[in-house]
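Ready for some practice in reading a structure? Work through each exercise with the sequence and the 3D view at hand, then check your steps against the solution.

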Amino acid sequence: MRILFLVSAFNSLSQRLHAELRDLRHTVEVHVAGDEGALRAALDRFGPDLVLAPMLKSAVPEDVWSAYTCLIVHPGPPGDRGPSSLDRAVQDGVAEWGVTVLQAEREMDAGPVWASASCPLPPGCAKSDLYRGEVADAAVAAALLAVERFAAGGYRPQPQHGPGWREPIRTRPYLRQEQRRIDWSADPTEAVLRRLRAADSQPGVLDELLGAEWYLHGGHPEPELRGRPGALLATRSGAVCRATADGAVWIPELRRRRTPGGPETFKLPAVTALGALLPRVPEVLAPLMGAEGRAPAWTDIGYREEGPVGFLRFSFPGGAMSTDHCRRLLDAYRFALGRPTSVLVLGGGRDFFSNGIHLNVIEAAADLARESWANITAIDDLVAEVLTTTDRLVVAALGGNAAAGGVMLALAADEVWCRQGAVLNPHYRLMGLYGSEYWTYSLPRRVGAAEAERLTERAQPVSAEAAHRIGLVDRVLACAPADFGPTAAHLAGLLAASPTVQDRIAAKKAARDADERARPLAAYREEELAVMRRQFRDPAAPYHALRAAFVRKRPAPAGAAALCSGEH
Ligand code: COA
């Protein structure tokens, strides 16, 4: 079928559905909503059988839904209506939720239901993590069923009224900042965390801190530190710890509220965002390897072992890796290499594996070219360490999506395991960059030169299954997001116990030595970085306009986007 996606943004769920529908041989075109004239022109030109809206914040125009069947993916169970469904579910601490695919009609979310699927909302997860995990799994199941029913013909969707309808109708309005507000003197940690998680990653919780207004992004419990409610107690790895009525929470990122007429603001690691406003508080580090029997401290990088398998877990907001993240992860990786293991699993958490260099931190730097350079060389150093690990097997375990340099970081490992449903974007073009992270070595090594060129030039999202078919990943784990870590750990245990593991390590070392003789890794790096250096230093390079737009969530400037396809 010919399916037109109508989206407010080509976001993670749209990308995943796009990739999965293409895998099923449907022809999919994406149209970003905004200009109704452009939408009508796209419909006339493309002539879709079906319009599908995986993530649409605005209404479908009446003449469009009258002429075409338009299916809306609503992140709530049948009968639920309103624009903040998932935010409210997380803020209310709901354990079971769902997704409904309904037909667009005059009243929002009130059309007949084509399909629905339920899903758990495990406690302790942020809204956007759930949206890319359990909710996305349910959304894909329901949307594919709806598409199948539509394609087969004859299916009569269930109207949300009448004798066949059993669900209560619940219309709830937009969740406003007043209803998200935290009362630091009265709210216990549990309530504070629910509010922070319901607003993470967007829109954040609007709050006052150190005499200014900020959106708080992300929240993790702190087991030990205590202080006057509302006070900042400590910093850790760029996050700040703030006391609640009965405990404390870690807040990794902040965004300053835009002042009237002032510049647009964007999210940054909390310590960077506060800058000189930050009072003198201690940097309280968490041990890389947690101590037995103690409540786990929140940390963005952690290491543990199970027999001959080491697990280096890391989790950075939005999958973005700043210079500091890369250097700390490299230190942790070197620590892991000092341990007596034969298999090292990199990643393994829920949600993003990595999305490459941290575009927001770069955007906030006084010298953009210098920070871009520092970040790319720091991530290259990390990737080089993985590529040159020859005394054990390294597995990259992708519980969630990866893009650009984040995919190339995974490809540096010996095996890449991916959760079914993860979406990979193995390209840099949309950010106007040539790319580094030794991609010119590791991408063709895995998929061949022709496929590497296709992936980087077409710059399309790739589903886990498609990535497996072309050799980009070795194993697809069909499990729920919550089960990915344990499943990967079990498989890593089997790998370490296999009788061939030492032979594989020896073969890997020989292959690396042969590759190094054929062309040293340093030569790949040098060539990639020569192009990157030019792109960083040239203020007219599309990268700068594209990055500036990306961090401010503005559409990519047309000129820069068109130019970057001709770069290099
Ligand atoms: N630097 C900073 N922030 C990043 C980031 C990066 N490299 N990659 C993703 N993010 C942030 C996004 O701004 C977004 O923030 P929000 O949740 O506050 O809105 C969040 O991570 C999730 O990303 P989003 O774009 O909403 O996810 P998506 O699934 O819709 O799209 C990508 C995924 C990877 C296609 C898109 O995020 C992207 O193009 N990232 C940049 C990749 C890149 O070019 N990296 C640099 C070269 S190595």
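**Exercise 1: The ligand and its surroundings**

Of the 25 residues around the ligand, find those that come nearest.

*Solution.* Keep in mind that this is a predicted model. Step one: the nearest are Ser-201, Gln-202, Lys-267, Ile-357 and Lys-553. Step two: look at the polar atoms. In the side chain of Gln-202, an N or O atom is 2.8 Å from an oxygen atom of the ligand. Ile-357 uses its backbone: an N or O atom there lies 2.8 Å from a ligand nitrogen. For Leu-359, a backbone N or O atom is 2.9 Å from a nitrogen atom of the ligand. Step three: consider the surface. The ligand taken alone exposes 850 Å², and the protein buries 86% of that. Step four: the elements giving two or more residues to the shell are α1 (12-23) and α11 (359-364).

**Exercise 2: An open sheet**

Work out which strands stand at the edges of the sheet.

*Solution.* Start with the order of the 4 strands, β9-β10-β15-β16, paired antiparallel. β9 (205-209) and β16 (268-269) each have a single partner strand, so one side of each lacks a neighbour in the sheet and these two are the edges. Now zoom in: 2 bridges join β15 (residues 253-256) to β16, and Glu-253 has Pro-269 in β16 as its bridge partner.

**Exercise 3: A helix and its packing**

Determine what the buried residues of α10 pack against.

*Solution.* First, locate α10 at residues 323-337. Next, pick out its buried residues, among them Cys-326, Leu-329, Leu-330 and Tyr-333. Finally, follow their contacts: the buried residues of α10 pack against β17, β18, β19, α12 and β20.

Conventions: Residues are numbered from 1 along each chain as its sequence is written. This is a predicted model: local features need pLDDT of at least 70, side-chain atom pairs count only at pLDDT 80 or more; totals for chains, interfaces and linings use all residues. Side-chain values use heavy atoms; hydrogens and water are left out. Two strands pair if DSSP finds at least two bridges between them. The expected span of a helix is 1.5 Å times one less than its number of residues. Buried means under 20% relative accessible area, exposed over 50%, partly exposed in between (1.4 Å probe, protein chains only). Contact means heavy atoms within 4.5 Å. A residue is near a molecule or strand if one of its heavy atoms lies within 4 Å of it. A polar contact is a pair of N or O atoms within 3.5 Å; within protein, one must be able to donate a hydrogen and the other to accept it, and residues adjacent in sequence count only if both atoms are side-chain atoms. Accessible areas come from the Shrake-Rupley method with a 1.4 Å probe; for residues, only the protein chains shown count as cover.
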